Amino acid sequence: MALDQYKEEEEEEGMSFLDHLEQLRWHLLRSVSAVMIFTVAAFLAKGIVFGKIILGPSRIDFFTYRVLCQVSDFLSLPALCIEQLPFTIQSRQMTGQFSMHITSSVVVGLIASFPYLFWEVWKFIAPGLYSKERMAARGAVFFVSLLFFAGTLFGYYILAPLSINFLSNYQLDPSILNEFDITSYVSTLSMLVLASAIMFQLPVVIYFLSMSGLVTAAMLKAYRRHSIVVILILAAVITPPDVISQILIAMPILVLYEAGIQIAKRLEKKRAEKALEDDLKYKDDE
């Protein structure tokens with residue numbers, strides 16, 4: 001063990017409960033400050049954040065709709081092209097637009113500052129881990145942030161537009177007009193995007209569970225059918241009652257589940273090789 005690592009662990013062991021609380025306080029202060037900075041920036045950039053990003057999927061010229069129309073022309077399938085979104089967005093409360101401006105700015109601030117937030121969490125947790133555990137979890141901030149933003153983009157460009165299209169075209173009777181409140185629209189969009197971002201963390205969860213020995217590749221394979229059912233149920237909960245949207249969110253999660261099985265296999269192989277090396281070393285010493 002290196003001298004600096006020994007000193008670091010010695011300092012951590014000598015820290016009192018109040019010292020840990022003081023460290024936690026500073027981590028929280030820095031995290032909240034980061035969220036506030038991005039929130040204020042989003043609040044000031046109202047035209048971009050709200051006019052283009054949040055309201056983007058509600059307009060027919062949105063990127064996803066244009067791509068679907070191009071694909072429909074290429075495949076000669078007119079049904080794929082979304083040419084209209086028969087709904088309007090209204091604000092039925094006096095403080096509706098202002099409150100949604102603040103709420104949407106906070107959501108954007110949380111998403112934008114997520115890598116830094118997780119880094120602060122990791123800095124607080126890492127000193128309590130053994131050196132082997134810290135080495136095994138190298139790159140955690142990068143991979144967690146990568147999967148988070150991949151899920152965010154999937155939710156924003158794939159899941160949200162198709163869900164909004166389904167809900168806007170669903171009618172019990174032609175005489176009933178779809179006039180959505182801004183609160184409902186922003187809440188639905190935020191839920192779809194954030195749920196997708198969280199669901200994309202599945203490989204990371206499997207990695208840490210496998211590293212701690214709580215799950216194995218064989219266990220994940222044995223419960224694959226059960227996992228598929230659970231994933232479909234979760235997809236049905238976080239998406240509108242639209243089969244296409246449910247399949248769209250379920251498919252990448254199933255792929256990530258299979259990736260998690262491969263991750264568990266790789267960790268088990270490494271542990272087996274390490275155990276074999278230690279056994280051979282022990283025999284040589286004898």
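Select Phe-63 to begin: in this predicted model, the residue is partly exposed, with a relative accessible area of 45%. Add Tyr-157 to the selection, which is likewise partly exposed, at a relative accessible area of 32%. The rings of Phe-63 and Tyr-157 form an aromatic pair of the edge-to-face kind, with 5.9 Å from centre to centre and 85° between the planes. Because Phe-63 lies in helix 4 (residues 63-75) and Tyr-157 in helix 8 (residues 140-169), the pair ties together parts that are 94 residues apart in sequence.

Next, select Phe-62 and Tyr-65. Are these two residues buried or exposed? Both Phe-62 and Tyr-65 are buried. Together they form another edge-to-face aromatic pair, where the ring centres are 5.8 Å apart and the planes stand at 65°. If Tyr-156 is now shown along with Phe-62, Phe-63, Tyr-65 and Tyr-157, the cluster into which ring pairs link these residues can be viewed together. Over the structure, the count of aromatic pairs comes to 14.

Staying with helix 4, select Cys-69 and then Cys-81, which form a disulfide with their sulfur atoms 2.0 Å apart. The structure holds one disulfide, and the link of Cys-69 and Cys-81 is right-handed, with 75° about the S-S bond. Since Cys-69 lies in helix 4 and Cys-81 in the loop between helix 4 and strand 1, the pair ties together parts that are 12 residues apart in sequence. Cys-69 counts as buried at 18% relative accessibility, and Cys-81 is buried too, with a relative accessible area of 16%.

From that loop, move on to strand 1 (residues 88-90) and select Gln-90, which is found in it. Gln-90 is partly exposed, its relative accessible area being 29%. Which residues does Gln-90 touch, not counting those up to four places away in sequence? They are Glu-179, Phe-180, Asp-181 and Ile-182. Measuring from C-alpha to C-alpha in the viewer should place Gln-90 and Glu-179 6.7 Å apart in space, although they are 89 residues apart in sequence.

Now turn to the interior and select Ile-54, Tyr-185, Val-186, Leu-189 and Ile-249, which, of the 47 residues in the largest nonpolar core, touch the most other members. Colouring by helix helps here, as the elements that each supply at least two residues of this core include helix 3 (46-54), helix 5 (96-112), helix 9 (182-199) and helix 13 (243-285). Helix 8 gives the largest share of this core, with 11 residues. To look at one member in detail, centre on Val-186, which, leaving aside its neighbours within four places in sequence, is in contact with Phe-50, Ile-54 and Met-100. A second, separate core has six residues, among them Leu-220, Tyr-257, Ile-261 and Ala-264.

For a further local stop, select Arg-25 and Trp-26: Arg-25 lies over the face of Trp-26, at 5.0 Å from the ring centre.

Finally, clear the selections and view the whole chain, whose secondary structure comes to 13 helices and two strands. Of its 286 residues, 36% are buried, while the chain exposes about 18000 Å², of which carbon and sulfur atoms supply 68%. Among the contacts in the chain with a separation of 6 or more, 79% are accounted for by residues 24 or more positions apart.

How values were computed
Residues are numbered from 1 along each chain as its sequence is written. This is a predicted model: local features need pLDDT of at least 70, side-chain atom pairs count only at pLDDT 80 or more; totals for chains, interfaces and linings use all residues. Side-chain values use heavy atoms; hydrogens and water are left out. Rings of Phe, Tyr and Trp (its six-membered ring) pair if their centres lie within 6.5 Å; planes under 30 degrees apart count as stacked, over 60 as edge-to-face and the rest as tilted. Buried means under 20% relative accessible area, exposed over 50%, partly exposed in between (1.4 Å probe, protein chains only). Helices (H or I, at least four residues) and strands (E, at least two) are DSSP runs, numbered from the N terminus. A charge sits over a ring if NZ of Lys or CZ of Arg is within 6 Å of the ring centre and within 35 degrees of the ring normal. A nonpolar core is a set of buried Ala, Val, Leu, Ile, Met, Phe, Trp, Tyr and Cys residues joined through side-chain atoms within 4.5 Å. Contact means heavy atoms within 4.5 Å. Accessible areas come from the Shrake-Rupley method with a 1.4 Å probe; for residues, only the protein chains shown count as cover. A disulfide is a pair of cysteine sulfur atoms within 2.5 Å.
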